[in-house]
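I opened this entry to keep track of what I looked up, chain by chain. Sheets come before helix packing.

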Amino acid sequence: MRDLPSRPARSWTLEGAARPQEVSLSSSRRPSALSGVLPATTDRLPASGPATPPVPRSTGRRLLDRLLARPSVGALVGLVAVGLFFAPQAPGLLSSGGLATVFDVAAPLGIGGVAIALLMVAGQFDLSIGVVAVTTSLVTALLVSQLGLGIWPALLVSLAVALLIGAVNGLLVVTTGLPSFLVTLATFLVLQGGSLAVATAVAGSSRITGLSGAAGWESALAVFGATTQLGDGRFRISLVWWLLATALTSWLLWRTRFGNAVFASGGARRAARELGVPVARTTVLLFLGTAAAGWLIGTLGLVRLGGVQVDPALGAEVEFIVVAVIGGCLLTGGYGSTVGAALGALLYAVGREGIVLAGWDPRWFQVFLGLLLLVALLANGVVRRRLRAVPRW
Amino acid sequence: MSTAVGTQPDDGTPPALELRGVTVRFGNVPALSRVSVRLRAGEVTCVLGENGSGKSTLVAVLSGVLRPAEGEVLVDGQPVRFRSPQQARARGVATVWQDLAIAPLMSVWRNFFLGAEPTRGAWPFRRLDVGRAEEVTARAMARVGVPGLDPTQPASALRAGERQSLAIARALHFGARVLVIDEPTAPMTVAQRALVLQSVVAARDSGLAVLFVTHSPQYAHLVGDRFLLLGGGRVAGDLTRADVDVEDLTRLVAGSDELTLLARSLRSD
């Protein structure tokens, strides 16, 4: 084997013509050792050996892979399909008024959905976001109605309460290592019961109204409750908040170090820790984010109604997760998009409004949502298998 | 990178990383018994042995996952105690685990820079310098023998050997001085193994001390300057390239193997 100095011409050095860095190997100090073993094997090297660029797939397949690599594509396809389905049966859906209603339904869901999406990419859940919305708006309402605080100081205090709840959630998850699904379920139960009890004990009912007389109400209304009339549709400012939240979270996820830490926390937690990624800090910050989103949802509702109705239900919590899953987030973490979650919220709203405008029994909506979730889960499973699959060649 | 490398004897400088008489016990069972090894800059040390011979334990000690019950770990002649893989990394000891430290759903460049991403702009508009990150990743991958790679594809699209190359390229780029490579047990094709060997050579030529754990004496002999044979947690042989050729090495590694017994029994028929 060793006395074959002529053979390297057929081995790596030949392919090395296109690969300058291979010179370092073939020109190293022991060519005899290299020719000792490799030539016998390189004869059988397939054409797609190390000299060809990786992923030698067809362009069509590559395009498909590229599309699948965009987690929001599924939600977009679903949105178009559902839109086409309802457009003939509920023409009002595409009118200015119909769109305003759709956006009105989608906005709070989308604000929570993008925050949950970010959290799910990091491999965690938060069931408490809806109840945080109710609890914080209750805090705001009680501070205004019972203590006579201005609306802005009351909102600041309730934001602090929201962040506190988020910090408790996050720290519990990080320090105990318990599944966040269960930790936040506990938070949900505590806050649900607690807010109902406190509201009844302090204000005498689970309904507090008449906040519009508070100091600073006008400016609060401008920020959280403004509307614009376009045609016969009344568009609310919650749409702007929703778009802002989507843009901000999307930028954070794809274009910042924080976003990279989010992806890594959910996709390869152990590796992330070993590479010095601040997994614990990222997780806690994300729980602060969902709590703040809950506060924003609560505040938008509070300012719009001029009061608060304590009526939390677990159904609403699941809807945020459904929206994020429709948006392409994997339940296992490490993959997803906030634009997808925003589209998921829109899809949800189109379906709900479409059923109403088409004159169906609204109870069909739950069926629709369940089917949608199932399809999204199956599609995400396919994507994951596809992305995880290690090509044999 | 024409640093004076190779198998020359001590030139006075201490080894980049050294184990002296290291013993590791799991309960009462010694996984490693008084193992000593010296890793020098620009030198490749191959660790060979059967499953259960202590190879993985050796890697765990070098990378800071396990602390030895007896013996010393020295970096540049200074005794150290790694309490975590992070501490080992901070001292310039990078470990390429069998399948670890790659997030399969993240793109290649995101994996490459994970935990040390380049940014531009001032806070709060500080953002990832994606263009530079992609360019650096492509260049670093080309350096270890994977040219023409699209750094935006997910890491799951990489082949086994390319993932190994990615981890090695990362260690090279971020200034590791000692590289510990635990070769995957999963079967790799010849071309994939060649890719890993190329990365090993690239690391050696950059002046790193490389410890390469492998199952194949043939491949070890291609790149190794020294060969550490482990058996039952003890050093069964500490050889240099001058001591053995491929056939000797193969025979030594397979010496206690069932294959030899089989060959003998077949011959006696």
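How many bridges pair strand β1 (residues 17-26) of chain B with β2(B), and in which sense? I found seven bridges, and the sense is antiparallel. I note here that the model is predicted. For one register point I looked up Leu19(B), whose bridge partner in β2(B) is Val37(B).

Next I looked up the sheet that holds this pair. It is an open sheet of four strands in chain B, ordered β2-β1-β4-β5, with antiparallel pairing. β2 (29-39) and β5 (78-80) of chain B are its edge strands, each pairing on one side only. I noted an average twist of 35° from one strand to the next. Helix α1 (residues 55-62) of chain B packs on this sheet and touches β1, β2 and β4 (70-75) of chain B. The direction of α1(B) makes about 120° with that of β1(B).

I then turned to the six-stranded sheet of chain B. This sheet is open, its order is β6-β9-β10-β3-β11-β12, and its pairing is mixed. At the edges I found β6 (93-96) and β12 (234-240) of chain B, each with pairing on one side only. The twist here averages 15° from one strand to the next.

Within that sheet I checked β9 (residues 178-182) of chain B against β10 (residues 209-213) of chain B. The two strands run parallel and are joined by five bridges. Ile181(B) has Phe212(B) as its bridge partner in β10(B). Helix α6 (residues 190-205) of chain B lies across β3 (44-49), β9 and β10 of chain B, at about 160° to β10(B).

Chain A was next. I counted 17 helices and four strands there. Of its 393 residues, 46% are buried. Taking contacts in chain A between residues at least 6 apart in sequence, I noted that 78% join residues at least 24 apart.

I picked one helix pair in chain A. Helix α6 (residues 96-121) of chain A packs with helix α11 (residues 238-255) of chain A at about 20°, and their axes are 8 Å apart. α6(A) and α11(A) are therefore roughly parallel to each other. The crossing of α6(A) past α11(A) is left-handed. On α6(A) the contact includes Phe103(A), Gly110(A), Ile111(A) and Leu118(A); on α11(A) it includes Trp241(A), Trp242(A), Thr246(A) and Leu253(A).

Are the residues of this contact nonpolar, polar or charged? I have 14 nonpolar, four polar and no charged residues for the contact of α6(A) with α11(A).

How values were computed
Residues numbered from 1 in each chain as written. Chains lettered and ligands numbered in written order. Predicted model: local features only at pLDDT ≥ 70, side-chain atom pairs only at ≥ 80, totals over all residues. Pairing = 2+ DSSP bridges. Axes fitted to C-alpha atoms, helices over the stretch in contact; angles between N-to-C directions. Contact = placed C-beta atoms within 7 Å. Buried ≥ 20, exposed ≤ 12 C-beta atoms within 10 Å, placed from the backbone. Parallel < 35°, antiparallel > 145°, perpendicular 65-115°, else oblique. Left-handed = near helix turned anticlockwise from the far one by under 90°. Nonpolar A, V, L, I, M, F, W, Y, C, P; charged D, E, K, R; others polar.
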